[in-house]
Amino acid sequence: MARLRAVLMLLALAGLTACEHPIAVVTPHAEVADLVFTDSSSAAVVMRTTDNRVWNETPLVLCEGEMRTLVPQALDFRGVPVDLVSRRDLEIRGESVEPNVVWEPLRGRGRLIALAPGTTRVRFLVWHLTHADLVSPWLEVRVQPRAACPRPR
């Protein structure tokens, strides 16, 4: 009986200390609350999330063959930017429901590429090493046929 008590006490003690670990073991996360995408040439805001629940610009309209270079900015819960360029452990990834729009991630920016006419939904992920720290809501994207787009001057 005394031996059983000793074993139980050792197991309880092991259970109490099993949850404790040094902070260095825990991988830091990006505390991201919202995403903002600006046009790389004009710095105008193209789209942004509000409380990571809705996009302010929906649908986003692109022309077939258009490659829109965007600069993503992640914001923390206070609205302070999270530096995506110097943090080598973070990147912005994109997912599309239909393959007519793809996201090409580049360091500090990315390209939203409209491959074919149609409508799809796109979402963005703040990718941290092996997992997503943030997944945006779906954004509706419409790709117009080239003939329906305004001609550049």
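The legends below describe close-up views of a predicted model of a protein chain.

**View 1. Overall arrangement of the protein chain.** The predicted model contains one helix and 12 strands. Along the sequence, the helix comes before the strands, in the pattern α-β-β-β-β-β-β-β-β-β-β-β-β. The chain has 153 residues, of which 33% count as buried. Among contacts between residues at least 6 apart in sequence, 58% join residues at least 24 apart. The chain exposes about 9800 Å², and carbon and sulfur atoms supply 58% of that area.

**View 2. The hairpin of β1 and β2.** Strand β1 covers residues 34-39, and strand β2 covers residues 45-50. The two strands run antiparallel and are joined by three bridges. Within this pairing, Thr38 stands opposite Val45 of β2. Five residues lie between the strands of the hairpin, and in this turn Ala43 has a positive phi of about 65 degrees.

**View 3. Val36 within β1.** Val36 belongs to strand β1. Its relative accessible area is 10%; because buried means under 20%, Val36 is classed as buried. Beyond residues up to four places away in sequence, Val36 touches Val45, Met47 and Arg48, together with Val71, Pro72, Gln73 and Leu75. Leu70 is 34 residues from Val36 in sequence, while the C-alpha atoms of the two residues are 9.6 Å apart in space.

**View 4. The hairpin of β2 and β3.** Strand β2 also pairs with strand β3, which covers residues 54-55. The two run antiparallel and are joined by two bridges. Thr50 stands opposite Val54 of β3. Three residues separate the strands of this hairpin; one residue in the turn, Asp51, has a positive phi of about 50 degrees.

**View 5. The largest nonpolar core and Phe124.** In soluble globular proteins, nonpolar side chains tend to be buried together. In this model the largest nonpolar core has 25 residues. The residues with the most contacts inside this core are Leu35, Phe37, Met47, Ile92, Leu112 and Phe124. Leaving aside neighbours within four places in sequence, Phe124 is in contact with Leu35, Phe37, Met47, Ile92 and Leu112, among others. The contacts of Phe124 also include Trp55, Trp103, Leu134 and Val135. Further partners of Phe124 are Arg93, Gly94 and Ser136.

**View 6. Thr120 and its polar contacts.** Thr120 is found in strand β10, which covers residues 118-128. With a relative accessible area of 4%, Thr120 is buried. The side chain of Thr120 makes a polar contact of 3.5 Å with the side chain of Ser96. A polar atom of the Thr120 side chain also lies 2.8 Å from the backbone nitrogen of Glu98. Leaving aside neighbours within four places in sequence, the residues in contact with Thr120 are Ser96, Val97, Glu98, Asn100, Val101, Leu139, Glu140 and Val141.

**View 7. The hairpin of β10 and β11.** Strand β10 pairs with strand β11, which covers residues 131-135. The pairing is antiparallel and extends over four bridges. Val135 in β11 is the bridge partner of Leu125. Two residues lie between the strands of the hairpin, and Leu129 in the turn has a positive phi of about 55 degrees.

**View 8. The disulfide of Cys63 and Cys149.** A disulfide is a covalent bond between the sulfur atoms of two cysteines. The model has one disulfide. Cys63 and Cys149 form this disulfide, with their sulfur atoms 2.2 Å apart. The pair links distant parts of the chain: Cys63 is in strand β4 (residues 60-63), whereas Cys149 is in the segment after β12, 86 residues away in sequence. The torsion about the S-S bond is about -120 degrees, so the disulfide is left-handed. Both Cys63 and Cys149 are buried.

**View 9. Ala147 in the segment after β12.** Strand β12 covers residues 139-144, and Ala147 lies in the segment that follows. Ala147 has a relative accessible area of 80%; because exposed means over 50%, Ala147 is classed as exposed. Ala147 and Cys63 are 84 residues apart in sequence, and their C-alpha atoms are 9.0 Å apart in space.

Definitions and conventions:
Residues are numbered from 1 along each chain as its sequence is written. This is a predicted model: local features need pLDDT of at least 70, side-chain atom pairs count only at pLDDT 80 or more; totals for chains, interfaces and linings use all residues. Side-chain values use heavy atoms; hydrogens and water are left out. Buried means under 20% relative accessible area, exposed over 50%, partly exposed in between (1.4 Å probe, protein chains only). A nonpolar core is a set of buried Ala, Val, Leu, Ile, Met, Phe, Trp, Tyr and Cys residues joined through side-chain atoms within 4.5 Å. Contact means heavy atoms within 4.5 Å. A polar contact is a pair of N or O atoms within 3.5 Å; within protein, one must be able to donate a hydrogen and the other to accept it, and residues adjacent in sequence count only if both atoms are side-chain atoms. Two strands pair if DSSP finds at least two bridges between them. Accessible areas come from the Shrake-Rupley method with a 1.4 Å probe; for residues, only the protein chains shown count as cover. A disulfide is a pair of cysteine sulfur atoms within 2.5 Å.
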